[in-house]
Amino acid sequence: MLTRSRRGWELPESAATPESVWFSRRRLLAAGGAGAILAAAPGAGLLGRAAMAEEEPIAAELYPAPLNEAYELDRELTDPELATTYNNFYEFGSQKNIWRAAQALRLRPWTVTIDGMVEEEIVIDAEDLIRRMPIEERLYRLRCVEAWAMAVPWTGFELSALVDFARPLSSAQYLVMTTFEDSSQAPGQRQFWYPWPYTEGLTMAEATNELSFIATGVYGEPMPRQNGAPLRLAVPWKYGFKSVKSIVRFHFTDQRPVTFWEEIAGQEYGFWANVNPEVPHPRWSQATERMLGSDEKVPTQLFNGYGEFVAHLYDGLDGERLFM
Ligand SMILES: Nc1nc2c(c(=O)[nH]1)N[C@H]1C(S)=C(S)[C@@H](COP(=O)(O)O)O[C@H]1N2
Ligand SMILES: [Mo]
């Protein structure tokens, strides 16, 4: 990402735990999603550090949720310690080690507003919303535009279920999702040169694609703050910056939004941001990626490997900058 000081890809990866420590756990995870290991060791909790904040987790009774086996991985799950300590969440700082600072985020109350081109505006508590949704676990990949990647078991619900709940008007063309804004909890938001709050958007066709997912947990536990509690988007065929965290608003509109990174550097980070190894970032190649916990570079895939689900969404959009 573009920052005023050091750039993201130059940062030291000091958050890394030696992979060997996690080897047996990772093998277990690879064997059957997080649900399996939690069932084997009830209460053990993979995310010990993440659970340090004192509040009751949101809708804790829903975890672990049943695995939806439709979404297969071609790689091992990422070590949970890495996925929860190596993060991008600029609200808490522009370096990767913000997990500790993110514990300041208060999750109760968490009010979600669903508005814009809808039959009726809905204001609902996040826990209430989550309990109404069809919760399941999915194994998804995430490819950051900075060329690191991970594979994690998210828990959550298909975004299309929220769209149904929202009852948008047929004239709605985009769904805009916005992160909380409160600089007393999120010191990064005092950096006034960023266009807070973090905003992202999808076309309605993207938002209702079966892959679009609102994650409420990871590794069979409620979502750690640093990964975007209580609700974060997961759109695995797009660069990671599209997967907006800690959402407070779902807004339906016929206007294409200017998103957070697009506003900062629109020539580098656009609205579509579909993964494509053949379209380099203006400042680096996107041909390969590094999985967290490994030094090896592996080939990046078109649509991050999810083309069978989403390639058709872009038919006839050749004039658009679909891959940045
Ligand atoms: N609100 C908000 N959402 C965000 C970001 C952010 O800085 N703020 N970073 C994005 C980027 S660049 C990536 S790669 C992913 C990282 O998600 P993770 O920390 O759970 O791996 O979150 C995305 N969502
Ligand atoms: Mo990213």
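Does R283 count as buried, partly exposed or exposed, and at what relative accessibility? In this predicted model, R283 counts as partly exposed because its relative accessibility is 31%. The side chain of R283 meets that of E268 in a salt bridge with an N to O distance of 2.5 Å. R283 and E268 both lie in the loop between α6 (260-265) and β11 (288-291), so the pair ties together parts that are 15 residues apart in sequence. E268, at 9% relative accessibility, counts as buried.

**Overall architecture**

The chain has 324 residues, of which 58% count as buried, and it contains 7 helices and 12 strands. Among the contacts with a separation of 6 or more, 74% are between residues 24 or more positions apart. About 13,300 Å² of the chain is exposed, and carbon and sulfur atoms supply 49% of that area.

**The five-stranded sheet**

An open sheet of 5 strands runs in the order β2-β1-β10-β5-β6, and its pairing is mixed. The edges are taken by β2 and β6 (199-203), each of which has a single partner strand, so one side of each is left without a neighbour in the sheet. On average, and with direction ignored, neighbouring strands of this sheet are turned by 15° against each other.

At the β2 edge, strand β1 (residues 111-116) and β2 run antiparallel and are joined by 4 bridges, and the two strands form a hairpin with 5 residues between them. The bridge partner of I114 in β2 is I122, while that of T113 is V123. Along β2 (residues 122-125) the side chains alternate, with I122 and I124 pointing to one face and buried, whereas V123 and D125 point to the other face and are not buried. Helix α4 (residues 159-166) lies across β1, β2, β5 (174-179), β6 and β10 (247-253), and runs at about 65° to β10.

**Nonpolar cores**

In soluble globular proteins, nonpolar side chains tend to be buried together. Here the largest nonpolar core has 89 residues, and the members that touch the most others are W154, L159, F250 and F252. Apart from that core lies another of 5 residues, including L77, L139, A149 and A151. Leaving aside residues up to four places away in sequence, F250 has contacts that include V112, I114, L159, L162, L175 and M177.

**Salt bridges**

A search of the whole structure finds 18 salt bridges, and three of them are set out below.

| Pair | Closest N to O distance |
|---|---|
| D115 and R249 | 3.0 Å |
| E158 and R138 | 2.6 Å |
| R283 and E268 | 2.5 Å |

In the pair of D115 and R249, D115 lies in strand β1 and R249 in strand β10, so parts 134 residues apart in sequence are tied together. D115 counts as buried at 9% relative accessibility, whereas R249 is partly exposed with a relative accessible area of 32%. In the pair of E158 and R138, E158 belongs to strand β4 (residues 148-158) and R138 to strand β3 (residues 136-143), and the two residues are 20 residues apart. E158 counts as partly exposed at 21% relative accessibility, a value just above the 20% limit for buried, while R138 counts as buried at 1%.

**The surroundings of T300**

T300 is placed in the loop between β12 (297-299) and α7 (307-310), and at 7% relative accessibility this residue counts as buried. Not counting residues up to four places away in sequence, T300 touches R143, V275, P277, Q286, A287, T288 and E289.

Conventions: Residues numbered from 1 in each chain as written. Chains lettered and ligands numbered in written order. Predicted model: local features only at pLDDT ≥ 70, side-chain atom pairs only at ≥ 80, totals over all residues. Heavy atoms only, no water. Buried < 20%, exposed > 50% of the residue type's maximum accessible area, 1.4 Å probe, protein only. Pairing = 2+ DSSP bridges. Contact = heavy atoms within 4.5 Å. Areas by Shrake-Rupley, 256 points an atom, 1.4 Å probe, with all protein chains shown as cover. Axes fitted to C-alpha atoms, helices over the stretch in contact; angles between N-to-C directions. Core = buried A, V, L, I, M, F, W, Y, C linked by side-chain atoms within 4.5 Å. Salt bridge = Lys/Arg side-chain N within 4 Å of Asp/Glu carboxyl O.
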